[in-house]
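Thanks for making the time this morning. I would like to walk you through one structure, going from the helices outward to a few single residues, and I will try to be careful about what can be said at each step.

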Amino acid sequence: DNHLHQGNLLNIDLDRIVWRRVVDMNDRALRMITVGQGSRANGVERETGYDITVASEIMAILCLASSLTDLKERLGRMIVAYNIEGKAVTADDLEATGAMALLLKDAIKPNLVQTLENTPAFIHGGPFANIAHGCNSVLATRTALKLADYVVTEAGFGADLGAEKFFDIKCRYADLKPNAVVIVATVRALKMNGGVVKTE
């Protein structure tokens with residue numbers, strides 16, 4: 001929006017801005033909004049909206065980054081819009097990569113916490129599996145593997161999204177080779193997915 005306000009030198013098409021704002025809560029009223037209303041000082045008027053943080057491309061990038069340098073490279077390649085000729089406009093084109101990386105320089109560090117059973121655990125990242133890979137960060141998993149005899153990690157949204165993406169994306173990219181898999185399934189879910197009537 002600042003680039004548009006400052007003259008739109010990259011000729012960004014107002015109707016083809018694909019990067020949306022994010023907020024860390026679900027508020028249906030913010031899914032579609034109009035920004036820039038009022039005077040010119042308020043920016044260029046256009047329709048946009050908010051997604052929840054875990055549905056953002058930045059969350060997925062953060063969780064696949066292997067270092068701050070890798071994070072910057074991935075952020076820079078993000079397509080944020082298309083210009084009036086239909087060509088992609090990236091974060092690098094907007095010269096926004098450094099600012100984004102600076103905001104994420106502490107966020108890229110995994111958080112070590114302790115469970116109620118006094119077990120150490122890393123909580124770091126969590127992109128949705130329906131739009132991204134649905135796993136915690138590569139850095140958290142690699143750090144845990146260096147510090148423990150074994151590591152348990154979760155891949156959410158079921159075997160068809162979380163587990164498949166864990167194996168097909170995260171494990172391949174991070175060169176991880178799991179030794180075991182735990183599948184949690186209810187009798188109801190097994191019946192529904194197996195074509196059995198629920199009452200049987």
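Let me begin with helix α2, which is mostly covered, since seven of its eight residues are buried. The buried ones are I58, M59, A60, I61, L62, C63 and L64, and I should say straight away that we are looking at a predicted model. If you ask what covers these buried residues of α2, the list includes α3, α4, α5 and α6.

To put that helix in its setting, the protein chain has seven helices and nine strands, and its C-alpha atoms fill a box of roughly 60 × 45 × 35 Å when the box is taken along the principal axes. Of the 200 residues in the chain, 30% count as buried. Among contacts between residues at least 6 apart in sequence, 53% join residues that are at least 24 apart.

Now to the helix pairs. Two packed helices are described by the angle between their axes and by the distance between those axes. For α2 and helix α3, which spans residues 68-76, the angle is about 150° and the axes are 9 Å apart. Because an angle over 145 degrees counts as roughly antiparallel, α2 is roughly antiparallel to α3. The crossing of these two helices, α2 and α3, is right-handed.

Which residues of α2 and α3 meet? From α2 they are I58, I61, L62 and L64, and from α3 they are D70, L71, R74 and L75. Sorted by class, this contact of α2 with α3 has six nonpolar residues, two charged residues and no polar ones. As a general reminder, an α-helix has 3.6 residues a turn, so residues three or four places apart point the same way.

Looking at the same pair from the side of α3, the buried residues there are D70, L71, R74, L75 and G76. The elements that cover them include α2, the strand β7 at 88-90, the helix α4 at 97-104, and α6.

Just ahead of α2 sits S56, in the loop between β5 (50-52) and α2 (57-64). Is S56 buried or exposed? Its relative accessible area is 11%, so S56 is buried, as the limit for that word is under 20%. A polar atom of the S56 side chain lies 2.8 Å from the backbone oxygen of T53.

The second helix pair I want to show is α5, residues 138-147, with α6; these pack at an angle of about 60° and have their axes 11 Å apart. The two helices, α5 and α6, are therefore oblique to each other, and α5 passes α6 in a right-handed crossing. The contact is made by V138, T141 and R142 of α5 together with K170, Y173 and A174 of α6. By class, the residues of this contact of α5 with α6 divide into three nonpolar, one polar and two charged.

Staying with helix α6, residues 159-174, let me pick out F166. F166 is buried, with a relative accessible area of 10%. If we set aside its neighbours within four places in sequence, F166 is in contact with H133, C135, T153, A155, C171 and P178. For a sense of scale, the C-alpha atoms of F166 and G7, which are 159 residues apart along the chain, are separated by 43 Å.

V18 makes a useful second example, placed in the loop between β1 (12-17) and β2 (21-23). With a relative accessibility of 46%, V18 counts as partly exposed. Leaving out neighbours within four places in sequence, V18 is in contact with I79, V80, A81 and Y82.

I will finish with backbone geometry, where most residues other than glycine have a negative phi. N8 has a positive phi of about 55° although it is not a glycine, and N118 likewise has a positive phi, of about 65°, without being a glycine. N8 lies in the loop between α1 (2-5) and β1, whereas N118 is placed in the loop between β8 (111-114) and β9 (120-123). N8 is buried, with a relative accessible area of 18%, while N118 is exposed, with a relative accessible area of 54%.

Technical notes
Residues numbered from 1 in each chain as written. Predicted model: local features only at pLDDT ≥ 70, side-chain atom pairs only at ≥ 80, totals over all residues. Heavy atoms only, no water. Helix = DSSP H or I, 4+ residues; strand = E, 2+ residues; numbered from the N terminus. Buried < 20%, exposed > 50% of the residue type's maximum accessible area, 1.4 Å probe, protein only. Polar contact = N/O pair within 3.5 Å; in protein donor to acceptor, adjacent residues only side chain to side chain. Contact = heavy atoms within 4.5 Å. Axes fitted to C-alpha atoms, helices over the stretch in contact; angles between N-to-C directions. Parallel < 35°, antiparallel > 145°, perpendicular 65-115°, else oblique. Left-handed = near helix turned anticlockwise from the far one by under 90°. Nonpolar A, V, L, I, M, F, W, Y, C, P; charged D, E, K, R; others polar.
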